[in-house]
Amino acid sequence: MAFQHIKLPTDGQLITVENDHLAVADNPIVGFIEGDGIGPDITRACLRVWDAAVAHAYNESRKVHWCEVYAGEKAAAIYDGDYFPQETIDALQHLMVSIKGPLTTPVGGGFRSLNVAIRQELDLYACVRPVRYYTGVPSPLRNPENVDVVIFRENTEDVYSGIEFESGTPEMRKVEKFLREEMGARMFEDSGIGIKPISPFGSKRLIRKAIRYAIDNERESVTLVHKGNIMKYTEGAFRNWGYELVRDEFKDQVITEEALYSKFGGKQPEGKIVIKDRIADIIFQLMLLRPAEFDVLATMNLNGDYLSDAVAAEVGGVGIAPGANMADHVAVFEATHGTAPKYANQDKVNPGSLLFSGVMLLEYIGWKEAAQMITAAYTKVIGKKVVTYDFARQMDGATEVSTSKFADALIEEIAEAGAELRKLEIDRDRQREEARKAREQRRMSQPLEEMLASGRRPHTVGHLMRRRNLICSADDTVAGATRMLRQEGGSSLLVAPGADDEWGILTQTDILKRIIVPDKSPAHTKVSEVCTKPLKTLPIETSLRECARFLVENNIRRVVVMSQNEPVGIVSDTDLFDAVDEFGWGHE
């Protein structure tokens, strides 16, 4: 493809798509837009760091060939006042992978936002924002190291679609009349009206991308974030379409959170991603209180806008928050902050947001070794308190440096430490895996408590049941069974099938009624003589309401939960009582 002002590097190769995956040579051509305001300062610094990391990670065998593409004020100067020329749109599509600094939206121009225009022209439907903590960065949280999520925000729908009607206009009156008279809607007089479209197509392609990312990067879970308890046919539909997508396209690669508890007892099967969902307002609380519970978040446009900036504030702010806007393959990585014209050409600001967007870019093209070097070098430099002015104000004993000097410090770390830097990231991954296993153990041993802590409400007996079942043989003595109950702090034992091939249960009440009252010897009485058979059982998917009714109708205090004709847990009236106390009941 021939361009008027854009010059493709002659030594590089274009990135292409083969078998639905990017094909990246050792000398790929990658686009960059310098940006406005502070854009030139941070872009110059970051280009040097990215190139140094690639050179050291691959012993000079790989190199990015950068191709400058124009947008914003620089484009206007080149293209006779056009801030977003068609040539730029064509180039971003042609190059496949690009990165840009912050852009100024022209006053009185034809765009609400140049950033939005780029997304719309290239149909970059997914805004991807990884948010994690870097050791030494000032944070308001007590344990910011627990924050490590990737937010997938739908970019094209929701209230951001721009379908709005200003109060008092003829268009607004026409829509108002239709809503009142045809649809029976109620609203205050002179209300401005906005429309919130959420489609199966838009929802599913965003959620599909989030799930594929989680699978490709061995993440633990994907959480669908929505306000479906109120907006049932838009946000609730987003959730439902997500689960529909899972059933249709990913049934061999993922499990639902429902199955995690009811079928697998809280233990995550090897190689499976867990799909769950949370109400939007709850997720804001949980990202403060229990951030380690969440890994990849998939959400609609407005919720994602709020959430990505709010979570970024927990670990240093948008000044170091990276981001990208992606289609199926075309991706434009970007600084997530504004142009800050006050600091333009002062070589002063923190380049973190653009820097880590470049880290995302390197990961996207499969060059993870170089990405790991930059991340680890950043942590080491921050650990030495060598920082730009924004962090220097928040640190005692900090050494304040310019944007370019901060880049120098990163490059020096990369040159000196080399492969040792990657080891830091590998060690971090190991620590994350250890934390994941600890969460799994808690889910298995105390499922109700973990559901409460992670924002999930129990719905079935499989969610409430106690899986730590004590089992004895029908031929064991009652004395031995009693000793087991005392040692383990239990109140009942499951009795394995004997000659009759039936499971039974031995409770403290059974021992009271059939041993103590009749004055029998527990040492000379077999469990089979006093246990209760047949078991009172319920399938694992039984609702809590049905379970409560079953206990009352059968005048019993506990019921055995069955899955595939095997007892897998016990639910008692105490468990139901605790659930009511913790979660409420009915339609509260």
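Which helix lies across S18, S19 and S20, and at about what angle to S19 does this helix run? In this predicted model, helix H18, made of residues 478-488, lies across the three strands and runs at about 130 degrees to S19.

**The sheet S18-S19-S20**

The sheet beneath this question is open, with its three strands in the order S18-S19-S20 and with mixed pairing. Strand S18 (471-472) and strand S20 (504-507) stand at the edges with a single partner strand each, so one side of each has no neighbour in the sheet. S18 and strand S19, which spans residues 492-495, run parallel and are joined by two bridges; within this pairing, Ile-471 has Leu-494 of S19 as its bridge partner.

**The sheet S21-S22-S23**

Another open sheet of three strands has the order S21-S22-S23, and its pairing is mixed. Its edge strands are S21 (537-539) and S23, each of which pairs on one side only, and neighbouring strands of this sheet are turned against each other by 35 degrees on average, direction ignored. Helix H21, residues 544-554, lies across S21, S22 and S23 and runs at about 130 degrees to S22.

Strand S22 (residues 558-563) and S23 pair in the antiparallel sense, over six bridges. The two strands form a hairpin with two residues between them, and in the turn Gln-564 has a positive phi of about 55 degrees. Among the pairs in this hairpin, Ser-563 has Glu-566 of S23 as its bridge partner, while Met-562 stands opposite Pro-567 in S23.

The bridge partners named so far can be set side by side.

| Residue | Partner residue | Strand of the partner |
|---|---|---|
| Ile-471 | Leu-494 | S19 |
| Ser-563 | Glu-566 | S23 |
| Met-562 | Pro-567 | S23 |

Although S23 pairs on one side only, six of its seven residues are buried, so the strand is largely enclosed by the rest of the structure. Ser-572 has its place in this strand, which covers residues 566-572. Is Ser-572 buried or exposed? Ser-572 counts as buried because its relative accessible area is 12%, under the 20% that sets the limit for a buried residue. Leaving aside residues up to four places away in sequence, Ser-572 touches Leu-551, Arg-557 and Arg-558.

**Helices H1 and H11**

Helix H1 (residues 39-57) and helix H11 (residues 352-364) have axes that come within 9 Å and cross at roughly 40 degrees, and the crossing is right-handed. On the H1 side the contact is made by Ile-42, Thr-43, Cys-46, Val-49, Trp-50 and Val-54, and on the H11 side by Leu-354, Leu-355, Gly-358, Val-359 and Leu-362. Sorted by class, this contact has nine nonpolar, two polar and no charged residues.

**The nonpolar cores**

In soluble globular proteins, nonpolar side chains tend to be buried together. In this model the largest nonpolar core has 123 residues, and those with the most contacts inside this core are Trp-50, Ile-211, Val-222, Phe-333, Ile-374 and Tyr-378. A second, separate core has 16 residues, including Leu-544, Leu-551, Val-561 and Leu-576.

What does Ile-374 touch, not counting residues up to four places away in sequence? The residues touched by Ile-374 on that basis are Val-49, Trp-50, Ala-53, Leu-355, Val-359, Leu-362 and Ile-414. Of these, Val-49, Trp-50, Leu-355, Val-359 and Leu-362 also belong to the contact between H1 and H11.

Methods. Residues numbered from 1 in each chain as written. Predicted model: local features only at pLDDT ≥ 70, side-chain atom pairs only at ≥ 80, totals over all residues. Heavy atoms only, no water. Core = buried A, V, L, I, M, F, W, Y, C linked by side-chain atoms within 4.5 Å. Buried < 20%, exposed > 50% of the residue type's maximum accessible area, 1.4 Å probe, protein only. Contact = heavy atoms within 4.5 Å. Pairing = 2+ DSSP bridges. Helix = DSSP H or I, 4+ residues; strand = E, 2+ residues; numbered from the N terminus. Axes fitted to C-alpha atoms, helices over the stretch in contact; angles between N-to-C directions. Left-handed = near helix turned anticlockwise from the far one by under 90°. Nonpolar A, V, L, I, M, F, W, Y, C, P; charged D, E, K, R; others polar.
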